[in-house]
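Here is a short walk through one protein model, written for a reader who likes to follow along residue by residue. Please keep the viewer open as you read.

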Amino acid sequence: MMRQSGWRRWLHRLGRGVPALCEACGRWPDGPLCTPCRQDLAPVIPRCPRCALPLPAELHSCSRCIDDAPWQQVLARVDYAPPWDAWIAAFKFRGQRGLAAPLARLWLDDPAVDALLRTSEVWLPVPSAPSRLAERGYHPVWELMQALAAQRPTPRALAQALRRDDTTTDQHQLGRAQRLAQGPRLFRPDARMAAHIAGRHVLVVDDVMTTGVTLRAACATLLAMGAVAVSALVLARTPPPELAVQ
């Protein structure tokens, strides 16, 4: 496996848009991370369809499930743990937009993602607050969706169906109790989009799922708009403390 210094070099080159060898095995022209190495570093593992945490193969659900979750299922590709937490942080917070394509390619290894894209009628990103978009200059989840759409047929995109309340605090800055308290105020529907949501299976996309509060709020709002069903697709799932790598 690539050493930490190798990951840093890869992030730096990718952020500048410079073609690279695969940083794990040196293969050319499969950089910056070739398919075999990607599959080795991010194997597709069984996950609970309700909470997206890793699941023993013989089980269909786990004791940590969010039993009253409004989604039909939630798919996560990797744990929010090394090396993916550093990659996602660079992508979200340090302007490394070039990471969108290699991160989105992680989804392509999971056949369940293709099935979810086929059965969903529309899809949309969890929205960012306008002030956050202005500060960052791009929407990370929308970038991931566009990168995935360049590789796979996808549902019709409705990027503006939900609006983020600009008075709320970014969830990643809050503890669990604060996230739960803020959840009901996170989103409001765009009434102009209601006709495109009503009666349809909607897929909500986010980069990281931690407590599930953000996804729950988005899905509940879409169901209130008339969606017949809502599913969720996230890139990474934060493991609970007892499962996190120390």
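The report below moves from the whole chain to its strands, its cores and its salt bridges.

## The chain as a whole

Please bear in mind that this is a predicted model. The protein chain folds into 10 helices and seven strands. Of its 246 residues, 50% count as buried. The accessible surface comes to about 11800 Å², and carbon and sulfur atoms hold 52% of that area. Among contacts with a sequence separation of 6 or more, 71% join residues that are 24 or more positions apart.

## Strand β7 and its partners

A good place to start is strand β7, which covers residues 229-237. How many of the nine residues of β7 are buried? The count is nine of nine, so the strand is mostly covered, with buried taken as under 20% relative accessible area.

Two pairings of β7 are worth tracing. With strand β1 (residues 74-79), β7 pairs in the parallel sense over five bridges. Here Asp-79 stands opposite Arg-237 of β7. With strand β6 (residues 201-209), β7 also pairs in the parallel sense, over eight bridges. In this pairing, Leu-203 has Ser-231 of β7 as its bridge partner. Between β6 and β7 the chain runs through helix α10 (residues 213-224), and this β-α-β crossover is right-handed.

Just ahead of that helix, in the loop between β6 and α10, you will find Gly-212. Gly-212 has a relative accessible area of 7%, so this glycine counts as buried. Gly-212 and Val-74 are 138 residues apart in sequence, while their C-alpha atoms are 10.0 Å apart in space.

## Two nonpolar cores

Now to the packing. The largest nonpolar core has 36 residues, and those with the most contacts inside it are Trp-84, Leu-103, Trp-107, Leu-148 and Leu-233. Which elements give two or more residues to this core? They are the helices α2 (35-41), α3 (84-93), α4 (100-108), α5 (111-119) and α7 (140-149), together with the strands β1, β6 and β7. Helix α4 provides the largest share, six residues.

Helix α4 deserves a second look. Seven of its nine residues are buried, so the helix is largely enclosed by the rest of the structure. The buried residues are Ala-100, Pro-102, Leu-103, Ala-104, Leu-106, Trp-107 and Leu-108.

Leu-233 is another helpful residue to click on. Setting aside its neighbours within four places in sequence, Leu-233 is in contact with Leu-75, Trp-107, Val-113, Leu-116, Leu-148, Leu-203, Val-204, Val-205 and Asp-206. Apart from the core just described lies another, of 27 residues, which includes Leu-124, Met-209, Leu-222 and Ala-232.

## Salt bridges

The structure holds eight salt bridges. Three of them are listed here.

| Pair | N to O distance |
|---|---|
| Arg-38 and Asp-109 | 2.8 Å |
| Arg-77 and Asp-109 | 3.5 Å |
| Asp-207 and Lys-92 | 3.4 Å |

Take the pair Arg-38 and Asp-109, whose side chains meet in a salt bridge. Arg-38 sits in helix α2 and Asp-109 in the loop between α4 and α5, so that distant parts of the chain, 71 residues apart, are linked. Arg-38 is buried at a relative accessible area of 7%, and Asp-109 is buried at 16%.

Asp-109 also meets Arg-77 in a salt bridge. Because Arg-77 lies in strand β1 and Asp-109 in the loop between α4 and α5, this pair ties together parts that are 32 residues apart in sequence. Arg-77 is buried, as is Asp-109. Together, Arg-38, Arg-77 and Asp-109 are linked in a network of salt bridges.

What does the salt bridge between Asp-207 and Lys-92 tie together? Asp-207 lies in strand β6 and Lys-92 in helix α3, so the pair joins parts that are 115 residues apart in sequence. Asp-207 counts as buried because its relative accessibility is 5%, and Lys-92 counts as buried at 15%.

How values were computed: Residues are numbered from 1 along each chain as its sequence is written. This is a predicted model: local features need pLDDT of at least 70, side-chain atom pairs count only at pLDDT 80 or more; totals for chains, interfaces and linings use all residues. Side-chain values use heavy atoms; hydrogens and water are left out. Buried means under 20% relative accessible area, exposed over 50%, partly exposed in between (1.4 Å probe, protein chains only). Helices (H or I, at least four residues) and strands (E, at least two) are DSSP runs, numbered from the N terminus. Two strands pair if DSSP finds at least two bridges between them. A crossover is right-handed if, with the strands pointing away from the viewer, the path from the first strand over the helix to the second runs clockwise. A nonpolar core is a set of buried Ala, Val, Leu, Ile, Met, Phe, Trp, Tyr and Cys residues joined through side-chain atoms within 4.5 Å. Contact means heavy atoms within 4.5 Å. A salt bridge is a side-chain nitrogen of Lys or Arg within 4 Å of a carboxyl oxygen of Asp or Glu. Accessible areas come from the Shrake-Rupley method with a 1.4 Å probe; for residues, only the protein chains shown count as cover.
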